[in-house]
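Let's take a walk through how some helices and strands fit together here. Have the structure open while you read.

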Amino acid sequence: YEKELHGVTGTEQVEIDAGGRAIRSLARSEPRSGNNLVVTLDINLQRVAEEAFQDYRGALVALDPKTGDVLALVSKPGFDPNLFVDGIDPQNWDALNNSPDKPLNNRALRGQYPPGSTIKPFMALAALTTGKRTPDYTIADPGHWMLPGVSRPFRDWKKGGHGMVNLHRSIVVSCDTYYYGLANDLGVDTIHRFMTPFGFGARTGLDIEGELPGLQPSSDWKWQRFKQKWYAGDTISVGIGQGYWLATPMQLAMAVATLANGGTPVRPRLVRAVQDSRTQEVRELPVRSGDSLDFKPEHLALVKAAMVDVTRPGGTAMRAAQGAPYLVAGKTGTAQVVGMKAGEKYDESRVKERHRDHALFIAYAPADDPKIALALLVENG
């Protein structure tokens, strides 16, 4: 938006004598102020989100799912941009540049993380759309899943498992075992084709520089990147948002906004309108939406109902919606930072703080008429 903000520089042409003194003005053009931008941010929501992070590292993106307006955009820790106005001094530059917290990295746009279990609603929708699962299809979850021909079990996050699990319950209790089997049946390339229209693996097109595309893996990608074939075990990890899959908080926010919007994606934006500095006339910028994704209404309704139950008693995000005077649809996620040995149990108290799992949450509300959709990531949280 530099062209809008900069305005026009004023000039004056002056005749001078041999000593460099001005004699008379020959021509003059007045400077013109740049235009004003009407941004989409809700300053109160931004403040609440900033304060909620306290000393944690992470990012939050909140969107209006109908327009793509960015209501809050947080990356923690941040820095004071005023330090750069007159040229930053070496001491402050060294502190910012070498901090292990990486305050100069915009985590909301450039942080690429495994999305973890936040992708399970999208996986469930893929299962219904492709016909690989019906709503009534039920598994008995013993707490692990075995890939045929492989002796190492893929473990569920809950020791002993979740008992009998259908598609609805798989989202509510975040059953890994259900999604190991589903991913194996879908295959990575089907997952790739289904997830790409949600915006995974590509920049969202937000009107600010610096977005990274994340990574939506496929068998072709692995061959081009590593000259290695894709293995079935790779797919199992992708099925719970781990392995090669990487997403930015902005991508997760866009994906859940698309879900909240009934399958119609909208491109995120930070500027809603431009105000002319001379006439004060406000020019609204158009909402940029994509083609509606072709999902059956009953499939969408089933996934959305499960996301509402995630925030009710028995769901993994029950505390997130406690006391809210409206319905919240959400999904929790946990993303491994370091690998675990087979049979090793994760014990947070014995793991270095920066090696602990990331905590994620996607949500939209009110569930029956969404006004906000968000993605939240807390590093090692």
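## The open sheet

In this predicted model, five strands form an open sheet in the order β5-β4-β14-β13-β12, paired antiparallel. At the edges sit β5 (70–76) and β12 (329–335), each pairing on one side only. From one strand to the next, the twist averages 5°.

Zooming in on one edge, β4 (residues 58–63) and β5 run antiparallel and are joined by six bridges. If you want a specific pair to click on, V61 has L73 in β5 as its bridge partner.

## A helix across the sheet

Now for the other edge. Helix α12 lies across β12 and β13 (358–365). Its direction is about 75° to β12.

## Two helices side by side

Helix α12 (residues 297–310) also has a helix partner: α5 (residues 120–130), with the two axes coming within 10 Å and crossing at roughly 150°. Angles over 145 degrees count as roughly antiparallel, so that is how α5 and α12 are related. The crossing in which α5 passes α12 is right-handed.

Which residues in α5 and α12 meet? On the α5 side they are P121, A124, L125, L128 and T129, and on the α12 side H299, L300, L302, V303 and M307. By type, the residues of this contact between α5 and α12 come out as eight nonpolar, two polar and no charged.

## Putting it together

So α12 is the element to keep in view: α12 lies across β12 and β13, and residues of α12 also meet residues of α5.

Methods: Residues are numbered from 1 along each chain as its sequence is written. This is a predicted model: local features need pLDDT of at least 70, side-chain atom pairs count only at pLDDT 80 or more; totals for chains, interfaces and linings use all residues. Side-chain values use heavy atoms; hydrogens and water are left out. Axes are lines fitted to C-alpha atoms, for helices over the stretch in contact, and angles run from 0 to 180 degrees between N-to-C directions. Helices (H or I, at least four residues) and strands (E, at least two) are DSSP runs, numbered from the N terminus. Angles under 35 degrees count as roughly parallel, over 145 as roughly antiparallel, 65 to 115 as roughly perpendicular and the rest as oblique. A crossing is left-handed if the near helix is turned anticlockwise from the far one by less than a right angle, and right-handed if clockwise. Contact means heavy atoms within 4.5 Å. Ala, Val, Leu, Ile, Met, Phe, Trp, Tyr, Cys and Pro count as nonpolar, Asp, Glu, Lys and Arg as charged, and the others, Gly among them, as polar. Two strands pair if DSSP finds at least two bridges between them.
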